[in-house]
Amino acid sequence: MRGTETFVRELAEENRAFWADRDARLDPQLPPDALLAQIRYRMRQGVYNELRSVELIAAWIPWVAEREIRDLLPRQLEDEQRHYQLLRRRLKELGEDPDAYAPLPEWQALFDWLVACRHRPTVEKLAMFQFAGETQSCEGFETLIRVARDLDPETSELYRTQILPDEYRHSAIGRQALLLLADTPERQQQARQACREMNLKVFGAYQAHRSRVDRSL
């Protein structure tokens with residue numbers, strides 16, 4: 001059996017390899033106006049995702065039996081709620097009504113599925129959302145920060161200073177969970193399959209989103 005540290009390191013590399021050339025969130029090569037429209041859309045999407053993340057963590061906490069992990073989740077819940085408020089406030093400052101947009105079906109389906117995963121083993125849940133999902137979110141926010149720096153410096157700085165550091169901490173919760181729990185070949189295989197499942201779900205949601213919505217931006 002691989003040691004847990006070796007396994008977690010290899011699993012992180014597998015996740016990175018999955019997303020190589022698959023980032024479907026932003027097109028940095030677009031003209032500035034079109035790219036700014038994409039950034040605004042990602043912010044509106046973020047309002048919904050942060051709110052659903054609050055619901056998700058709250059639904060999962062009672063089903064995480066391992067105290068070392070369960071005690072870390074209320075802080076993440078608070079972070080997601082704060083991110084929701086920060087993005088709403090920023091959109092209002094930009095003259096948009098964050099409540100005027102209907103939730104996208106792709107993200108509704110993704111979060112409905114995640115909430116329903118609350119009964120799954122902790123090693124699977126946290127491999128999916130915190131380890132795979134939050135790590136991928138960090139990479140997406142780094143891209144947004146970079147491309148927004150010249151187009152909307154205030155939004156770029158908001159993500160850099162008030163959202164991205166929390167996302168790194170959330171992904172670290174996933175890493176801590178795997179180091180603690182992925183201590184048998186069976187659990188390591190559970191975690192690997194859960195990460196793959198999550199990556200495929202998220203990528204499918206982005207593909208559907210881009211083909212259905214971004215054509216109109």
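Trainee: Which residues line the second largest cavity?

Mentor: In this predicted model, its wall is built from Ala12, Asn15, Arg16, Trp19, Ala132, Thr135, Gln136, Glu139 and Asn199. Helices α1 (4-19) and α6 each bring at least two of the lining residues.

Trainee: What makes Trp19 a lining residue of the second largest cavity?

Mentor: A lining residue must have an atom within 4 Å of a grid point of the cavity. Trp19 is listed in that lining, so it has such an atom.

Trainee: How is the lining of the second largest cavity divided by class?

Mentor: There are 3 nonpolar, 4 polar and 2 charged residues. Arg and Glu count as charged, so Arg16 and Glu139 belong to the charged class.

Trainee: Why is the space of about 60 Å³ called a cavity and not a pocket?

Mentor: In a cavity a 1.4 Å probe fits but cannot get out, whereas a pocket is an open set. The space of about 60 Å³ is the second largest cavity, so the probe cannot leave it. With 30 Å³ or more as the rule, the model has 2 cavities.

Trainee: What is the volume of the largest cavity, and which residues lie nearest its centre?

Mentor: Its volume is about 480 Å³. Of its 28 lining residues, Gln45, Asn49, Ser137, Phe141 and Tyr206 lie nearest the centre. The helices supplying at least two lining residues each are α2 (32-60), α4 (73-93), α5 (105-116), α6 (122-151), α7 (153-181) and α8 (185-212). Helix α6 gives the largest share, 9 residues. By class, the lining has 13 nonpolar, 9 polar and 6 charged residues.

Trainee: Let's turn to the open spaces. How much space lies in the largest pocket?

Mentor: About 290 Å³. Its lining has 16 residues, and the closest to its centre are Arg44, Tyr48, Pro98, Tyr101 and Pro103. Helices α2 and α4 are the elements that give two or more residues, and α2 provides the largest share, 7 residues. The lining divides into 11 nonpolar, 2 polar and 3 charged residues.

Trainee: And what is the volume of the second largest pocket?

Mentor: About 220 Å³. Of its 14 lining residues, Ala12, Arg16, Phe131, Thr135 and Ser171 are the closest to its centre. By class, this lining has 6 nonpolar, 2 polar and 6 charged residues.

Trainee: Why is Thr161 called partly exposed?

Mentor: Buried means under 20% and exposed means over 50%. Thr161 has 39% relative accessibility, which lies in between, so it counts as partly exposed. The residue lies in helix α7.

Trainee: How do you know that the side chain of Thr161 makes a polar contact with Glu157?

Mentor: The side chain of Thr161 reaches the backbone oxygen of Glu157 at 2.8 Å. The cut-off for a polar contact is 3.5 Å, so this pair falls within it.

Trainee: How do you know that Leu178 is buried?

Mentor: A nonpolar core is a set of buried residues. Leu178 is a member of the largest one, so it is buried. In that core of 44 residues, Leu114, Phe129, Leu178 and Met198 touch the most other members. Helix α8 gives the largest share of the core, 8 residues. Among the residues Leu178 touches, leaving out those up to four places away in sequence, are Val8, Phe131 and Ala191. There is also a second, separate core of 19 residues, including Leu26, Ile39, Leu86 and Val147.

Key: Residues are numbered from 1 along each chain as its sequence is written. This is a predicted model: local features need pLDDT of at least 70, side-chain atom pairs count only at pLDDT 80 or more; totals for chains, interfaces and linings use all residues. Side-chain values use heavy atoms; hydrogens and water are left out. On a 1 Å grid over the protein atoms alone, a cavity is a set of points where a 1.4 Å probe fits but cannot get out, and a pocket is an open set with protein on both sides within 12 Å along at least five of seven lines; lining residues have an atom within 4 Å of a point. Grid points are joined across faces, edges and corners, and a volume is the space filled by probe spheres set on the points. Helices (H or I, at least four residues) and strands (E, at least two) are DSSP runs, numbered from the N terminus. Buried means under 20% relative accessible area, exposed over 50%, partly exposed in between (1.4 Å probe, protein chains only). A polar contact is a pair of N or O atoms within 3.5 Å; within protein, one must be able to donate a hydrogen and the other to accept it, and residues adjacent in sequence count only if both atoms are side-chain atoms. A nonpolar core is a set of buried Ala, Val, Leu, Ile, Met, Phe, Trp, Tyr and Cys residues joined through side-chain atoms within 4.5 Å. Contact means heavy atoms within 4.5 Å.
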